[in-house]
Amino acid sequence: GGGRERITVTDQRGKKVTLDGPVRRMVTIPMPAASMVIAVDKGVDHLVGMHEASWIAIRDGIMGEMFPAAAKIAHGIATQDFAPNVESIVALNPDVVVQWGDEGTGIVGPLEDAGLDVVGLSYGTQRDLTEWITLFGTLLGQERRAKRLNARLDERMTEIKNAAPGTSGTKPSIVYFNRFEGGLKVAARESYNDFYIDLVGGTNPAT
């Protein structure tokens, strides 16, 4: 209603998603997405649901201090493996649900079958993250801020590349544990962690 401009984005599955205007109610299932949405949107007003792991990280970290209202956001919306709890997500009446788009249709299909608009993400490279920021900026009507954040990221990337040690000598070996409780799981090839271990001049034994 009310003459809102329609917004169309192409997600990282290559799927076009058209919405009635800037998103007022957003649910994020991928863990890193919630804090990035808050950063792009400069607040938590439009985030109505997030993965429990995102919620715990925000609650226990600096973002929880900066945005105390985040503690009240719904977070019982998906399993550890990102399978959505469709009923609880539908109850939040979201304009859009952000979900992994590269983990098979099993975690996206149930949301789309329930009539929800889904933006699918993929993960692993710096370019993916840059695209997320651009996508979130478009969805939230924060394009200018998204551009500024991406410009700052590019600047920092250049600084880090220039500061990384040369190729002479032994590279430090760095292993990243990204799951701990239900048995150890390490970040291997094509993970974002592998990308930044290489960026700073290390080697990842898990590749």
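## A parallel sheet, its helices and a few exposed loop residues

Strands E3 (residues 26-28) and E4 run parallel and are joined by 3 bridges. One of the residue pairs is easy to pick out: valine 27 in E3 has glycine 49 of E4 as its bridge partner. Keep in mind that this is a predicted model.

**The sheet**

Zooming out from that pair, the open sheet has 4 strands, and reading across gives E4-E3-E5-E6, with parallel pairing. Which strands sit at the edges? They are E4 and strand E6 (118-121), each of which pairs on one side only. On average, neighbouring strands in the sheet are turned by 20° against each other, ignoring direction. Helix H6 (residues 126-140) packs on this sheet, where H6 touches E3, strand E5 (96-100) and E6. The direction of H6 makes about 165° with that of E6.

**The core**

The largest nonpolar core counts 50 residues. Which residues have the most contacts inside it? Met26, Ile29, Leu121 and Phe136 do. As for the secondary structure elements, H6 gives the most to this core, with 7 residues.

Methionine 26 is worth a closer look. Setting aside neighbours within four places in sequence, methionine 26 is in contact with Val37, His46, Leu47, Val48, Gly49, Val96, Val98, Phe136, Leu139 and Leu140. That list includes Gly49, the bridge partner of valine 27, as well as Phe136, which is itself among the core residues with the most contacts.

**Helix H2 and its two sides**

Over in helix H2 (residues 52-60), the buried residues are Ser54, Trp55 and Ile58. Why do they count as being on the same side of H2? Because the arc they cover around the axis is only 100°. Go round to the other side of H2 and you find Ala57 and Asp60, which are exposed. What covers the buried residues of H2? The cover includes helix H1 (31-41), strand E4 (47-50) and helix H3 (62-66). E4 turns up again here, then: an edge strand of the sheet and part of the cover for H2.

**Loop residues on the outside**

Now for a few residues in loops. Two of them have a positive phi without being glycine: lysine 42, with phi near 60°, and asparagine 93, at about 50°. A third loop residue, arginine 189, counts as exposed because its relative accessibility is 55%, and the cut-off for that is over 50%. Here they are side by side:

| Residue | Loop between | Relative accessibility |
|---|---|---|
| Lysine 42 | H1 and E4 | 53% |
| Asparagine 93 | helix H4 (86-91) and E5 | 53% |
| Arginine 189 | strand E8 (185-186) and helix H8 (192-199) | 55% |

Exposed or not, arginine 189 does have partners. Not counting residues up to four places away in sequence, arginine 189 touches Asp194 and Thr207. With threonine 207 there is a polar contact: the arginine 189 side chain reaches the backbone oxygen of threonine 207 at 2.6 Å. And how far is arginine 189 from alanine 91, 98 residues apart along the chain? Their C-alpha atoms are separated by 38 Å. Alanine 91 falls in helix H4 (86-91), the helix at one end of the loop that holds asparagine 93.

Terms used
Residues numbered from 1 in each chain as written. Predicted model: local features only at pLDDT ≥ 70, side-chain atom pairs only at ≥ 80, totals over all residues. Heavy atoms only, no water. Buried < 20%, exposed > 50% of the residue type's maximum accessible area, 1.4 Å probe, protein only. Arc of directions from axis to C-beta. Contact = heavy atoms within 4.5 Å. Pairing = 2+ DSSP bridges. Axes fitted to C-alpha atoms, helices over the stretch in contact; angles between N-to-C directions. Core = buried A, V, L, I, M, F, W, Y, C linked by side-chain atoms within 4.5 Å. Polar contact = N/O pair within 3.5 Å; in protein donor to acceptor, adjacent residues only side chain to side chain.
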